[in-house]
Every structure is written in C-alpha cells, then in structure tokens.
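Please examine the sequence and the structure shown here before reading the report.

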Amino acid sequence: MRFVRWRGMSEGVSKTGAGMSGSVTPEGVGDVQKQQSMLAALQNFLRWSPTSRQDIIDSEKRLLTLVKTPHVVEQVNIGSGPPGSKVRWFRSTSNEPRFINTVTFENPDAPTIVLLHGYGASQGFFFRNFDALASKFRVLALDQIGWGASSRPDFTCRSTEETESWFIDSLEEWRKAKDLDNFILLGHSLGGYVASRYALKYPEHVKHLVLVGSAGFNAGSDRLMQFKSTWKGVLANFVWESNLTPQAVIRGLGPWGPNLVNKYAGARFVTYSNGTTLTDDESKLLSDYMFHTLAARASGELCLKYIFSLGALARTPLVDRYELWI
C-alpha cells in the first residue's frame, strides 16, 4: 500500500513540475529526480528477483565496453510466424513479433562467421573473442531465442524434435532477416548441438561448421547407467526430469541470487580457470551480465530435459546421425 501511495506522490510531483516549467528551479528539478530515483530503487527492491529485460540490455552494454572493435547491437525481427501462414512460432496464439538480439562487427570483404552460445550463456560470453575474430571476419553473435536479450516466448515444446525445431527454425528466420548465405557457423556447448542440427538441415547455407566443446555427441556410459540404478541416481534423475533448472534456483534466491552468481563466476573464470584469468573489472561486469540473463523469465532454458538426459547426455546423439555427415 505504501508503494502505491509513493508512486502517486512521485507522479504528482512530476506533473506539477511539468505544469510550472517556466518557474521550476534547479533545486526543484533535483528533488523530482531524487524522488524518481528513490521510486526506481523501491521498485527494484520489491521485485523478489532484482532483474528486468532493461537490466539485461544495460549489463550487456557495460560488458561490451570491454571490446575495442566498433560494433552494432540490434533486435532482429523474425516475425510471429511464416509469411502468409496462420501458424505462429512456438505454438503461440499471439501475432506479436519475436526478436533476436544480435551484435555485429562489420569487416568489409571478410568472410562472415556466426557465433552461437551455449546453455546458460548469451552472446556477451564471447566478449574476449570479439576483437580477435573481428580482425579476420565479419562477426555476428546472437542470443538464441529464449536467452539473453532476445524474445522469451513461453516454452511449449514437449519432445526432442519440437525442441530442436524451436532453435533451428528461429535461427533460420534470423538468417533470412539478415540475408546471410555461405557463412561459417560456430557453436559452443549447446550452441554446437544447435549449429550441427542446423547445418544438417540447411547445409546449403553453411560454408564451414566449427564446434567448440560441443554437447550432444554421446549418449552415455556404463558408469552413468550404474549411478542411475542407485537411490542417489534415482533422486537425481527425478530432479532432472522435473526440469528444475539452475536458473530457477537463482530466481528462487531472489536478492541473494547476484551473490551466488558472483561466487560462481569467480570460481569458474578466475580461481579455477585454465587460461588467462579475468581481470577484476571483467569479472565484475561478466558476473552482473550473467545474473541478469540467468534470472530473467524462463524460456529457452527449459529445453534442457528434452535435448539431454541426466548427465547432459544427448537423447538423440549426433554421433548416431553420422550417415548425414557424409
């Protein structure tokens, strides 16, 4: 109740200031700005999970300040469904268009490379690679549908095939919107799986396929099968099949979520990093970006149990489709 009244007071002050624009003093403007800032802080506090789509965009912008090469960030419209069709993407009943967040590093006459991020990531995770790649290629990195600052439709897939199409179809519509052809497609982790499936379906568009730590090649091992037969394995499999994602845990922690992500980022990219560790500024900006992309509305993350079984092993391994690679 206090929040509602405070909001009304803030709006009242703003309207009064607008109506007396000829006589408002700098001090008065400062008071209005201070109240608006306090209101924004209160709204942020009242959100259990302190994030929003604008927070994702802002944190991405801050992270990309670490990149020296000029670039453009855009929201690429992939529409609401195939032109002239009553079918809508992702089983949606809405005519609302969907957008793919894309960062582009232009390099005239250079070959084009498209980067697909992995699970729990977004295009900003490539920030340390952008400068080097942009010196040799025209680089386009995107947030896959349901991730990062891209649209986050309700996840309605109920099978591996539908889930693969969720990513492949949206990627193809993005390609059409960007008028790309004969490009290099690079995928990391889950992005490698999606890139492979896309290349198998649309080989005419992919000049080279580059897989970096790709997921989805193998189905399992005897050791994992033995673990699944234990009570711990049964419990772990139950949790996996319930589709409880790491992102759900972060959202559930609310205001304590950023601290957990910060500790995870510090451990993964600094303490236990095998390569050049992140600087303090890089770690801080990446951690902030990670939190906002992970704590946002659930969408693409829910693909997990449909593409992978317990242990992140592919339900339809790429190695089983070897005849399609020949």
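The report below covers the sheet, the helices packed on it and two residues with unusual backbone angles.

## The sheet

This is a predicted model. Its 6 strands form an open sheet with mixed pairing, in the order 1-2-4-3-5-6. Strand 1 (72-79) and strand 6 (206-212) are the edge strands, each of which pairs on one side only. From one strand to the next, the twist averages 25 degrees.

Strand 5 (residues 183-188) runs parallel to strand 6, and 6 bridges join the two. Within this pair, I184 stands opposite H208 of strand 6.

## Helices packed on the sheet

Helix 5 (residues 160-178) packs on the sheet and touches strand 1, strand 2 (98-105), strand 3 (112-116), strand 4 (138-142) and strand 5. The direction of helix 5 makes about 115 degrees with that of strand 1.

Helix 6 (residues 190-201) also packs on the sheet, where it touches strand 3, strand 5 and strand 6. Between the directions of helix 6 and strand 5 the angle is about 145 degrees.

## Residues with positive phi

Most residues other than glycine have a negative phi. D109, which is not a glycine, has a positive phi of about 70 degrees. D109 lies in the loop between strand 2 and strand 3. With a relative accessible area of 85%, D109 is exposed.

N243, likewise a residue other than glycine, has a positive phi near 65 degrees. The loop between helix 8 (231-241) and helix 9 (246-252) contains N243. N243 has a relative accessible area of 16% and is therefore buried, the cut-off for this class being under 20%.

Key
Residues are numbered from 1 along each chain as its sequence is written. This is a predicted model: local features need pLDDT of at least 70, side-chain atom pairs count only at pLDDT 80 or more; totals for chains, interfaces and linings use all residues. Side-chain values use heavy atoms; hydrogens and water are left out. Two strands pair if DSSP finds at least two bridges between them. Helices (H or I, at least four residues) and strands (E, at least two) are DSSP runs, numbered from the N terminus. Axes are lines fitted to C-alpha atoms, for helices over the stretch in contact, and angles run from 0 to 180 degrees between N-to-C directions. Contact means heavy atoms within 4.5 Å. Buried means under 20% relative accessible area, exposed over 50%, partly exposed in between (1.4 Å probe, protein chains only).
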